[in-house]
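Work through the exercises below with the sequence and the model at hand. Each task is followed by a solution in steps.

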Amino acid sequence: MLALKAFKYRLYPTEQQEVLLNKTFGCVRVVWNHNVEVFNKFDKNLAQQEQPLTSTLLRKKFDWMNEVSASALQQKEIDFKAFKKDYFSKTRKKKVGRPSFKHRDAVQKYRLPNQKFTLNKNTIRLEKRGKVKLVLDRPVPDDCKFMSVTVSKNLCNQFFASVLVETRIIQKPKTGKVIGLDLGIKAFLTGSDETTIKNPSYFRESQARLAKAQRHLSRKQKGSSRRKKAKLKVAQIHNNIANQRKDFIHKTTIKLVNNYDFIAIESLNVVGMVNNRKLAKSVSDASFSKFTEVLSYKAAWYGKKVVKVDRWFASSKICSCCGWKDKELKLSDRTFKCKVCGMEKNRDLNASENILKEALRVSSAIRTPSEC
Ligand SMILES: [Zn+2]
């Protein structure tokens, strides 16, 4: 199976290159913001609408734009066209808001198509920027096809190159094993075969550090250099948390995809859960939606199956053995006790078994295994 994969590397530009990269980000921003501005001027009462200038015309108008790669500007134009198409699409599923301006103090990005960059052993050659030093900590597969590269700068002033390639993915061997997962607050996940994965404690520790840094920042005077420093500190902690989470999700999902052929999960109402303030921190820590997304695409890559069970299905209130429903079960009840068959089980384990059963029921592809 062919799939798109991104490989992200840290870049170490020289001071001069840094200036040039920042210029590219700036010019790309001009292209985007110009398009946004014209888009927002749309007036249905006018017979003739204003049309945005193409990147070629913008380059003619602003001489300094010629210092940067024309392809990078074109790619941004393509992005805006894609946005517009999505905005006016009648079949789109998600709501798309009006376009917003890109600011210089946000994460910066620009993209180059495949002919405009070359990935070498310790460097990447970027059009108009030359060879930039990079650390190739994860090589791209030998037979892959290069699609594009996205150069970015985060809020901690770190530069990255994310190389997108098309590659053949070898499916993982089948194990014949199935699992139902209950995602939760106490344990990150509980599997129907009694595997549990805890929420890493470092999420909490980083959250505490973040809260402290934010308090620190709020006391600094606007425009002062101390404020700037405190702001960078906050950005660094955010960055750390994001990296830890990415790493945790990557490791957990690959473990599941290696071990199971069929994975059942509940489609979560994450927004609803986050609104409940008491649960909010743990839920956002655990980042269920990201986990579900990564698990789903990895399963698709490696020939495994993820089935989502309707979130209204009362997984925790049903006895996984006889099907009796405990309507009075409270969130604080950690053990499920069945008044009909007498089964007593950890609440999350019972829920995960129900999720697995329900997923197997709705999915006709796989036979139902023996009941409990
Ligand atoms: Zn029962």
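**Exercise 1. Place Val 340 in the chain and describe its surroundings.**

Step 1. Val 340 sits in the loop between strand 13 and strand 14; helices (H or I, at least four residues) and strands (E, at least two) are DSSP runs, numbered from the N terminus.

Step 2. The model is a predicted one, in which local features need pLDDT of at least 70 and side-chain atom pairs count only at pLDDT 80 or more, while totals for chains, interfaces and linings use all residues. Residues are numbered from 1 along each chain as its sequence is written, and side-chain values use heavy atoms, with hydrogens and water left out.

Step 3. The relative accessible area of Val 340 is 58%, so the residue is exposed. The classes are buried (under 20% relative accessible area), exposed (over 50%) and partly exposed (in between), with a 1.4 Å probe and protein chains only.

Step 4. Not counting residues up to four places away in sequence, Val 340 touches Cys 322 and Trp 324; contact means heavy atoms within 4.5 Å.

Step 5. Between the C-alpha atoms of Val 340 and Asn 350, which are ten residues apart along the chain, the separation is 15 Å.

**Exercise 2. Describe the site of the zinc ion: which atoms coordinate it, and at what distance?**

Step 1. The zinc ion is coordinated at 2.3 Å by the SG atoms of Cys 319, Cys 322, Cys 338 and Cys 341. Donors are N, O and S atoms within 2.8 Å of the metal (3.2 Å for Na, K and Ca); water is not among the atoms, so sites may look incomplete.

Step 2. Along the chain, the donors follow the spacing C-x2-C-x15-C-x2-C. Cys 319 and Cys 341 link distant parts of the chain, 22 residues apart: Cys 319 is in the loop between strand 12 and strand 13 (335-337), and Cys 341 in the loop between strand 13 and strand 14 (344-346).

Step 3. The angles among the four donor atoms are 102 to 117°, and the site is tetrahedral. Four donors count as tetrahedral if all angles lie between 85 and 135 degrees. Ideal angles for four tetrahedral donors are 109.5 degrees.

Step 4. Cys 319 has a relative accessible area of 2% and is therefore buried. Cys 341, at 37%, is partly exposed.

**Exercise 3. How many salt bridges does the structure hold? Describe several of them.**

Step 1. The structure holds eleven salt bridges, each a side-chain nitrogen of Lys or Arg within 4 Å of a carboxyl oxygen of Asp or Glu.

Step 2. Asp 247 and Lys 251 form one of them, with 3.0 Å from N to O. Both residues lie in helix 5 (residues 225-259), four residues apart, about one turn of the helix. An α-helix has 3.6 residues a turn, so residues three or four places apart point the same way. Asp 247 has 35% relative accessibility and counts as partly exposed.

Step 3. Asp 261 and Lys 304 form another, their closest N and O atoms being 3.3 Å apart. Asp 261 lies in the loop between helix 5 and strand 11 (262-266), and Lys 304 in the loop between helix 8 (288-301) and strand 12 (305-309), so the pair ties together parts that are 43 residues apart in sequence. Both Asp 261 and Lys 304 are buried.

Step 4. In the pair of Glu 127 and Lys 116, the closest N and O atoms are 3.4 Å apart. Glu 127 is in the loop between strand 4 (123-126) and strand 5 (130-134), whereas Lys 116 is in the loop between strand 2 (108-113) and strand 3 (117-119), eleven residues apart. With 26% relative accessibility, Lys 116 is partly exposed.

Step 5. Salt bridges also link Lys 76, Asp 79 and Arg 111 in a network.

**Exercise 4. Compare the expected span of helix 3 with its end-to-end distance, then list what covers its buried residues.**

Step 1. Helix 3 (residues 70-88) has 19 residues and should span 27 Å; the expected span is 1.5 Å times one less than the number of residues. Its end C-alpha atoms are 27 Å apart, which agrees.

Step 2. Buried residues of helix 3 include Leu 73, Lys 76, Phe 80, Phe 83 and Tyr 87. Their cover includes helix 1 (15-40), helix 2 (55-61) and strand 2.

Step 3. From helix 1, take Asn 35, which is buried at 8% relative accessibility. Leaving aside neighbours within four places in sequence, Asn 35 is in contact with Pro 52 and Phe 80.

Conventions
Tetrahedral: all angles 85-135°; square planar, octahedral: opposite > 155°, others 65-115°.
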